[in-house]
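Subject: Model handover and notes

Hello,

Here is the structure for your files. My notes on it follow below.

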Amino acid sequence: MSPTRLSTVVLDARDAHELAGFYVRLLGYMIRAEEPDWVLIGPPDGGTGLSFQTEPEYVPPVWPTRTPGDQQMMLHLDIQVDDLAGEAERAVALGATLHDHQPQHDVRVLLDPSGHPFCLWWEERGV
């Protein structure tokens, strides 16, 4: 067993508190710690969290990359749901934007309020 463990993934944003609030509402997480330019959220029962850091020079990624030199997506969050259409609607109501590029029928690509792509997906049973 390794003596190390992943504790959080950090996303840059123009406003860490605004983006943390979006994911708290979307995922049902709670705020675990916060500073003026940083917020850590996580599941109420423990586990790996998400952190957000204010970066004044933040540039949203472009996905799929269209032009050489675009800020590329370096990672994205995959969020499993039971009701793909319903959860996509809820995410939009919370401040996400449905992306115009939808590569799979069982995934909805959205952009969070800072422009990070994230995917809602559901597992097809009996396929």
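Ala 16 touches Asp 37, Trp 38, Val 39, Phe 52, Gln 53 and Thr 54, leaving out residues up to four places away in sequence; contact here means heavy atoms within 4.5 Å. Ala 16 belongs to helix H1, where helices (H or I, at least four residues) and strands (E, at least two) are DSSP runs numbered from the N terminus. With a relative accessibility of 0%, Ala 16 counts as buried. The classes are buried under 20% relative accessible area, exposed over 50% and partly exposed in between, with a 1.4 Å probe and protein chains only. Between the C-alpha atoms of Ala 16 and Glu 35, which are 19 residues apart along the chain, the separation is 9.5 Å.

This is a predicted model, in which local features need pLDDT of at least 70 and side-chain atom pairs count only at pLDDT 80 or more, while totals for chains, interfaces and linings use all residues. Residues are numbered from 1 along each chain as its sequence is written, and side-chain values use heavy atoms, with hydrogens and water left out.

Helix H1 spans residues 16-27 and also holds Glu 18. Glu 18 is partly exposed, at a relative accessible area of 47%. From Glu 18 to Ala 88 the C-alpha distance is 19 Å, with their positions 70 residues apart in sequence.

On the packing of the two helices: the axes of H1 and H2 come within 10 Å and cross at roughly 150°. The axes are lines fitted to C-alpha atoms, for helices over the stretch in contact, and the angles run from 0 to 180 degrees between N-to-C directions. H1 and H2 are therefore roughly antiparallel, on a scale where under 35 degrees is roughly parallel, over 145 roughly antiparallel, 65 to 115 roughly perpendicular and the rest oblique. In this contact Phe 22, Arg 25 and Leu 26 of H1 meet Arg 90, Ala 91 and Leu 94 of H2. Those residues divide into four nonpolar, no polar and two charged. For that count, Ala, Val, Leu, Ile, Met, Phe, Trp, Tyr, Cys and Pro are nonpolar, Asp, Glu, Lys and Arg are charged, and the others, Gly among them, are polar.

Arg 90 also forms a salt bridge with Glu 87, the closest N and O atoms being 2.9 Å apart. A salt bridge is a side-chain nitrogen of Lys or Arg within 4 Å of a carboxyl oxygen of Asp or Glu, and a search of the whole structure finds one. Arg 90 and Glu 87 are three residues apart in helix H2 (residues 84-94), so about one helical turn separates them. Both are partly exposed: Arg 90 has 31% relative accessibility and Glu 87 has 23%.

Gly 86 lies in H2 as well and is partly exposed, with a relative accessible area of 25%. Gly 86 and Leu 27 are 59 residues apart in sequence and 14 Å apart from C-alpha to C-alpha.

Two loop residues remain. Ser 114 sits between strand S7 (107-111) and strand S8 (117-121) and is buried, at a relative accessible area of 10%. Apart from neighbours within four places in sequence, Ser 114 is in contact with Ala 13, Arg 14, Leu 19, Tyr 58 and Pro 60. Pro 64 lies in the loop between strand S4 (49-54) and strand S5 (77-80), and the peptide bond leading to Pro 64 from Trp 63 is cis, with omega near -15°.

Regards
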